[in-house]
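Visitor: I should like a close look at one helix packing region and the aromatic residues in it. Please describe how the elements there are arranged and which side chains meet.

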Amino acid sequence: MAVGEHCRLCRVLERVACDDQSGGEGSAGAVVSTSEERSTRLADGESGSAMRAAPSPVIVVGQNGDLLERNKTTDLVFIAVRPGVALDDEVASWLAEVQRANARQPVRGQIARRSSPAPATPPDDAMAWWLLDETMEQRTTRLLEVERERTAFLARASTLLLSSMNLGRCMEVTAQLAAECLGDAAVVIHPPKGTTLTTVTCVRGGQVVRDTVAADLASIPGLDVALTWFPPAPLHRTDPATVPDWIVPAGLGPIGSAVVVPLRGQGMPSGALVLLRKSTRAVFSENAETFVQLFAAHAGAAMATARLHTEQASITEILTRDLVPPQLHEVDGIEFAGGYQPSATTERVGGDFYDLHPAGTAGHESFLVLGDVCGKGLEAAVVTGKIRNTLHALLPLAHNHQRILTMLNSALLGSHHTRFATLVFASAVREGPDVRLRLTNAGHLPPLIVRNDGTVDEARTRGRLVGVLPTVHANTTVVRLAPGESCLLYTDGITEAKGGPLGEAYFGEQRLKDVLSECAGIPGEAIVERVHMLAAEWIGDNQHDDIAVLAITAPRHQDTR
């Protein structure tokens with residue numbers, strides 16, 4: 001059942017609605033069977049016994065079309081008639097035509113009046129008709145067909161409604177399905193914000209139209225209750241003459257019936273669905289209204305889920321905005337470049353991080369930190385945010401790395417979190433053409449210095465990780481970078497990345513040094529990009545930890561004035 005075509009369910013529902021309005025009276029369907037009796041009185045012998053015991057009416061008709069005989073069951077169905085009555089007059093003209101055609105196979109037709117002939121002795125070549133009432137069977141078949149179509153429609157609707165967690169798309173799908181299969185036009189209205197209403201309108205065979213209107217909820221009876229109350233009121237039938245122009249799509253024509261259906265979900269109103277049918281269509285029957293409410297329950301739940309997802313996504317975006325590592329740039333003649341990749345493609349933040357706090361004035365040190373919190377994912381990101389905020393508050397002490405480590409360690413020990421972290425601090429300032437670095441390693445991997453001749457040195461700084469022991473100690477070393485030289489800070493997401501030809505080898509520190517030796521003299525941004533690229537090739541489709549890389553470079557061409 002595709003959106004955009006007048007679905008079969010709609011036609012079946014209308015047919016059943018017609019049956020409901022007529023009550024099923026005056027149209028008894030019959031499956032008629034025949035059996036020929038020659039020169040035998042039906043009241044005698046096996047044929048006569050079968051006729052008398054038959055649970056269905058049996059009538060015997062002569063060649064001239066007169067009723068000759070009947071069984072007792074016939075008395076319960078037809079009004080008694082005198083012998084010799086014509087088949088045309090008391091039973092059905094279509095059966096008389098079949099009789100005259102001397103048919104010998106079952107036929108179907110309708111009997112408007114039920115009657116029964118009196119017993120008579122059939123002559124040779126008389127024909128016996130077995131009348132089987134199919135009226136209820138046909139109606140039951142139609143009802144079963146409706147239920148099958150309803151089930152298929154709701155399954156299809158659920159798939160379409162839940163295919164997107166976007167609230168606007170969910171409203172569009174609701175309007176399309178309702179217009180194509182339940183009415184001639186549908187309007188989905190979102191709960192109001194202020195004095196305006198967000199509406200999504202669809203006419204059968206047309207395009208979805210989104211709009212924002214300033215309208216009075218009381219202009220449509222039942223709309224204000226559907227949009228503002230919970231538990232919401234049931235479906236509300238609306239007088240077509242009172243439907244305001246703002247809700248009727250252009251070109252729809254005269255309205256024959258209209259209903260307002262609340263869309264329920266997540267303990268509050270999700271919106272309202274207004275269904276419109278043209279005056280040329282049957283009005284909404286009780287059966288159709290019941291199904292409309294069932295569809296509305298599915299749509300309301302889907303819209304509530306989409307709204308909740310949107311709200312959660314917005315909250316997540318706000319909370320993670322400050323957790324994402326910043327974009328680095330050149331500060332006071334020093335190049336800074338960084339790259340970050342979380343362990344899962346569905347996450348933006350994790351346990352690895354870096355930060356740059358530029359110097360307030362020229363000639364003063366810029367403070368950098370790169371760290372790795374135990375674990376990964378959102379829980380590790382929470383600790384990451386705590387560390388970054390604490391370090392930001394301790395910036396006035398940035399000249400004293402040991403003191404910052406001590407105070408940060410105390411803050412982590414006093415937290416309810418049980419995670420620890422490894423860190424590298426770097427204070428960078430330009431001195432003539434060179435860059436002077438003060439590096440302090442607190443339980444982290446050693447910073448690597450890339451010299452212009454391709455040599456890769458480890459900075460001589462060691463210390464304890466933070467967040468575990470009551471005290472933390474680390475030594476600080478000073479490194480000078482000549483123009484073109486770089487210092488690389490990185491996390492174990494690089495060195496412990498598994499991959500390679502067999503998928504089980506670690507990338508390792510030596511392989512990282514070999515890569516860096518080939519990067520002598522190139523800008524820091526290019527070094528970061530190459531390290532990330534080669535690590536990604538090594539990892540392939542394997543899982544990996546968070547990866548963070550930070551490069552500090554002394555530019556080759558620098559104004560030293």
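Guide: For the angle between two elements, under 35 degrees counts as roughly parallel, over 145 as roughly antiparallel, 65 to 115 as roughly perpendicular, and the rest as oblique. The model is predicted, with pLDDT of at least 70 required for local features and 80 or more for side-chain atom pairs, while totals for chains, interfaces and linings use all residues. Residues are numbered from 1 along each chain as its sequence is written, and side-chain values use heavy atoms, without hydrogens and water.

The description starts from helix H6, residues 135-161 (helices, H or I of at least four residues, and strands, E of at least two, are DSSP runs numbered from the N terminus). Its axis comes within 10 Å of the axis of helix H9, residues 286-321, and the two cross at roughly 20° (axes are lines fitted to C-alpha atoms, for helices over the stretch in contact, with angles from 0 to 180 degrees between N-to-C directions). H6 and H9 are therefore roughly parallel to each other. On the H6 side, the contact (heavy atoms within 4.5 Å) is made by Arg-150, Phe-153, Leu-154, Ala-157, Ser-158 and Leu-161. H9 contributes Asn-287, Phe-291, Leu-294, Phe-295, His-298, Ala-299 and Ala-302.

Helix H7, residues 167-181, also packs on H6, at an angle of about 155° and with the axes 9 Å apart. H6 and H7 are therefore roughly antiparallel to each other. Here Phe-153, Ala-157, Leu-160 and Leu-161 of H6 meet Cys-170, Val-173, Thr-174, Leu-177 and Cys-181 of H7. Phe-153 thus faces H9 in one contact and H7 in the other.

Turning to the rings, four aromatic pairs are found in the whole structure (ring centres of Phe, Tyr or the six-membered ring of Trp within 6.5 Å; planes under 30 degrees apart are stacked, over 60 edge-to-face, the rest tilted). The rings of Phe-153 and Phe-291 have centres 5.5 Å apart and planes at 55°, so this pair is tilted. Because Phe-153 belongs to H6 and Phe-291 to H9, the pair ties together parts 138 residues apart in sequence. Phe-153 has a relative accessibility of 0% and so counts as buried (under 20% relative accessible area, with exposed over 50% and partly exposed in between, for a 1.4 Å probe and protein chains only). Phe-291, at 1%, is buried. Another tilted pair joins Phe-367 and Phe-425, at 5.3 Å centre to centre and 55° between the planes. Phe-367 lies in strand E16 (residues 366-373) and Phe-425 in strand E17 (residues 421-431), 58 residues apart. Phe-367 and Phe-425 are buried. Within the helical region, ring pairs link Phe-153, Phe-291 and Phe-295 into a cluster.

H9 also leads to a loop, between this helix and strand E14 (335-341), in which Asp-332 is placed. Most residues other than glycine have a negative phi, whereas phi of Asp-332 is near 50°, a positive value. Asp-332 counts as partly exposed, with a relative accessibility of 30%. His-329 is found in this loop between H9 and E14, and is partly exposed at a relative accessible area of 44%. Leaving aside residues up to four places away in sequence, His-329 touches Ile-334, Phe-336 and Leu-356. Leu-356 is 27 residues from His-329 in sequence and 9.3 Å from it in space, C-alpha to C-alpha.
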